[in-house]
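Q: Please take a close look at a single helix in this model. I would like a connected account of how that helix packs against its neighbours and of the charged pairs in which its side chains take part.

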Amino acid sequence: MPQKKVRLTAREAEVCRLVLQGWTAKEIAGLLGLSPATIDAHISNVYLKTGARGRPNLAAHLLLRGLLPMTIDDLEIDE
C-alpha cells in the first residue's frame, strides 16, 4: 500500500530538522525566537502529519518514507 505524502510547512520542516538533531523545544524556541508552546505545536503537527508517536519514531517514519537520507556510509562503526 503506498504511503500518503507528507507535506510540512517550511517552519515544521525546520523544527523537525532540529528535533532530529536532538534539540529540545526550549532550545529550538530560543534559537528561532518563538515560544516553547509554539515549538510544541509545530512538533505536534509534524507527529500528526507523519503518524509518529515520538522523536525516535519520527526518525523511523521519515527514514521509511525516504524523507531522511541515510546510507551505510553515514554510520560510524567502531572496529
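A: The axes referred to below are lines fitted to C-alpha atoms, for helices over the stretch in contact, and the angles run from 0 to 180 degrees between N-to-C directions. The model is predicted, and the part examined here is helix α1, residues 10-20.

Consider the packing of α1 against helix α4 (residues 55-64): their axes come within 10 Å and cross at roughly 115°. Helix α1 is therefore roughly perpendicular to α4. The handedness of this crossing is left-handed. On the α1 side, the contact is made by C16, V19 and L20, which meet R55, L58, A59 and L62 of α4. By class, the residues of this contact are six nonpolar, no polar and one charged.

Helix α1 also packs against helix α2, which spans residues 25-32; here the angle is about 130° and the axes are 10 Å apart. Because angles of 65 to 115 degrees count as roughly perpendicular and those over 145 as roughly antiparallel, α1 and α2 are oblique to each other. Their crossing is right-handed. The residues R11, E14, V15, L18 and V19 of α1 meet I28, L31 and L32 of α2. This contact comprises six nonpolar residues, no polar ones and two charged ones.

Turning to charged pairs, a search of the whole structure yields two salt bridges. One of them joins R11 and E14, whose closest N and O atoms are 2.9 Å apart. Both R11 and E14 belong to α1 and are three residues apart, so about one helical turn separates them. R11 is partly exposed, at a relative accessible area of 31%, and E14 is likewise partly exposed, at 27%.

The side chains of K49 and E12 form a salt bridge as well, with an N to O distance of 2.7 Å. Since K49 lies in helix α3 (residues 36-50) and E12 in helix α1, this pair ties together parts that are 37 residues apart in sequence. K49 is partly exposed, with a relative accessible area of 33%. E12, by contrast, has a relative accessible area of 4% and is buried, because buried means under 20%. Leaving aside residues up to four places away in sequence, E12 touches R7, H42, N45, V46 and K49.

Conventions:
Residues numbered from 1 in each chain as written. Predicted model: local features only at pLDDT ≥ 70, side-chain atom pairs only at ≥ 80, totals over all residues. Heavy atoms only, no water. Helix = DSSP H or I, 4+ residues; strand = E, 2+ residues; numbered from the N terminus. Parallel < 35°, antiparallel > 145°, perpendicular 65-115°, else oblique. Left-handed = near helix turned anticlockwise from the far one by under 90°. Contact = heavy atoms within 4.5 Å. Nonpolar A, V, L, I, M, F, W, Y, C, P; charged D, E, K, R; others polar. Salt bridge = Lys/Arg side-chain N within 4 Å of Asp/Glu carboxyl O. Buried < 20%, exposed > 50% of the residue type's maximum accessible area, 1.4 Å probe, protein only.
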